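Q: I should like to learn how the contacts in a structure are read. Could we go through one together, step by step?

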There are 2 protein chains.
Amino acid sequence: MTATLPVVCAALGDPTRWEILTRLGEGPKSASTLARMLPVSRQAIGKHLEVLREVGLIESEQRGREVVYLAVGARLGALARELDRIGRSWETRLLRLKELAERPGPAAPEASE
Amino acid sequence: MTATLPVVCAALGDPTRWEILTRLGEGPKSASTLARMLPVSRQAIGKHLEVLREVGLIESEQRGREVVYLAVGARLGALARELDRIGRSWETRLLRLKELAERPGPAAPEASE
DNA sequence: CGCAACTGCAACCGTCAGGTTGCAGTTACG
DNA sequence: CGTAACTGCAACCTGACGGTTGCAGTTGCG
């Protein structure tokens, strides 16, 4: 479940998958139920659910004869924190470079390599 | 630049693109420079840069005869906040459903549709 | 001034992801 | 107890994506 960043982002990179996540965000649902509300086949839904489950964005739970899936908000929160951290690091580095550029140093501070 | 959520996530869904972003996070660089540090052609880099620029994750800047690109941390931060918000909403809804299930109501509260 | 280096555009290619249909197996509802 | 509904697996198709090469056009460094 320690899915690498690009992988979980890729999972979130498909519109249909977001459709599914949105519906699941409203409450637990089975693959068949989802297939009934979306314009794709049950099998396609199944593949998407598998992808989402692999990166920890949803969990499955046997309920009676059907398998219901639920959205895991915590997983999305974790991703959000990770992205935020990275974004901040970019900003601070950018700022440091700008400071170097302002301050008249010995040579021209070139950062292209 | 109001790139929809799945689109910007898709942009972040490619490993090579993360390579590029990481390098750009260290400081502004040109396409050729990036191509020299990564195991792909300059043209491939160019396509990736275009994708990243379209979703606002990087910006371009003419510097001398070359075009340098810089990572936009704010964009990533915005995405992070959006994801966090959604994740929280999932959790609260889940909680409400659980409450309903605990409380002995008139009928069995079924949320599969 | 001339050459080297960077950019932009276009054509082309292989792979894989998203989708479909079809079928077989289980399991709860009536 | 029978049948309807849900699941799982497999084969197959197609388009888009990540990658390549090739070429033409600028622009600045020595």
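Q: Which atom of DNA strand C is 2.2 Å from an N or O atom in the side chain of Ser32(B)?

A: This is a predicted model. In it, a phosphate oxygen of DNA strand C is 2.2 Å from an N or O atom in the side chain of Ser32(B). Likewise, a polar side-chain atom of Arg36(B) lies 2.4 Å from a phosphate oxygen of that strand.

Q: Which residue has a polar side-chain atom 2.7 Å from a base oxygen of DNA strand C?

A: That residue is Gln43(A). Of the strand's atoms within 4 Å of the protein, 51% belong to sugar or phosphate, and the rest belong to bases.

Q: How many residues surround DNA strand C, and which element gives the most to the surface near the strand?

A: The strand is surrounded by 22 residues, and among the closest are Lys47(A), His48(A) and Arg42(B). With four residues, α4(A) gives the most to this surface. By type, the surface divides into nine charged, eight polar and five nonpolar residues.

Q: How is the size of an interface often given?

A: It is often given as the accessible area lost when the parts come together. Between chain B and chain A, the buried area is about 3200 Å², and carbon and sulfur atoms give 70% of that area. Within chain B, the residues that lose the most area to chain A are Trp18(B), Leu83(B) and Trp90(B), together 20% of what that side buries.

Q: How many salt bridges and how many residue pairs in polar contact are found across the interface of chain B and chain A?

A: The rule finds zero salt bridges and four residue pairs in polar contact. On the side of chain B that touches chain A, α5(B) provides the largest share, 14 residues.

Note on methods
Residues are numbered from 1 along each chain as its sequence is written. Chains are lettered from A and ligands numbered from 1 in the order in which they are written. This is a predicted model: local features need pLDDT of at least 70, side-chain atom pairs count only at pLDDT 80 or more; totals for chains, interfaces and linings use all residues. Side-chain values use heavy atoms; hydrogens and water are left out. A residue is near a molecule or strand if one of its heavy atoms lies within 4 Å of it. A polar contact is a pair of N or O atoms within 3.5 Å; within protein, one must be able to donate a hydrogen and the other to accept it, and residues adjacent in sequence count only if both atoms are side-chain atoms. Helices (H or I, at least four residues) and strands (E, at least two) are DSSP runs, numbered from the N terminus. Ala, Val, Leu, Ile, Met, Phe, Trp, Tyr, Cys and Pro count as nonpolar, Asp, Glu, Lys and Arg as charged, and the others, Gly among them, as polar. Buried area is the accessible area (1.4 Å probe) that two parts lose on being put together, summed over both. A salt bridge is a side-chain nitrogen of Lys or Arg within 4 Å of a carboxyl oxygen of Asp or Glu.
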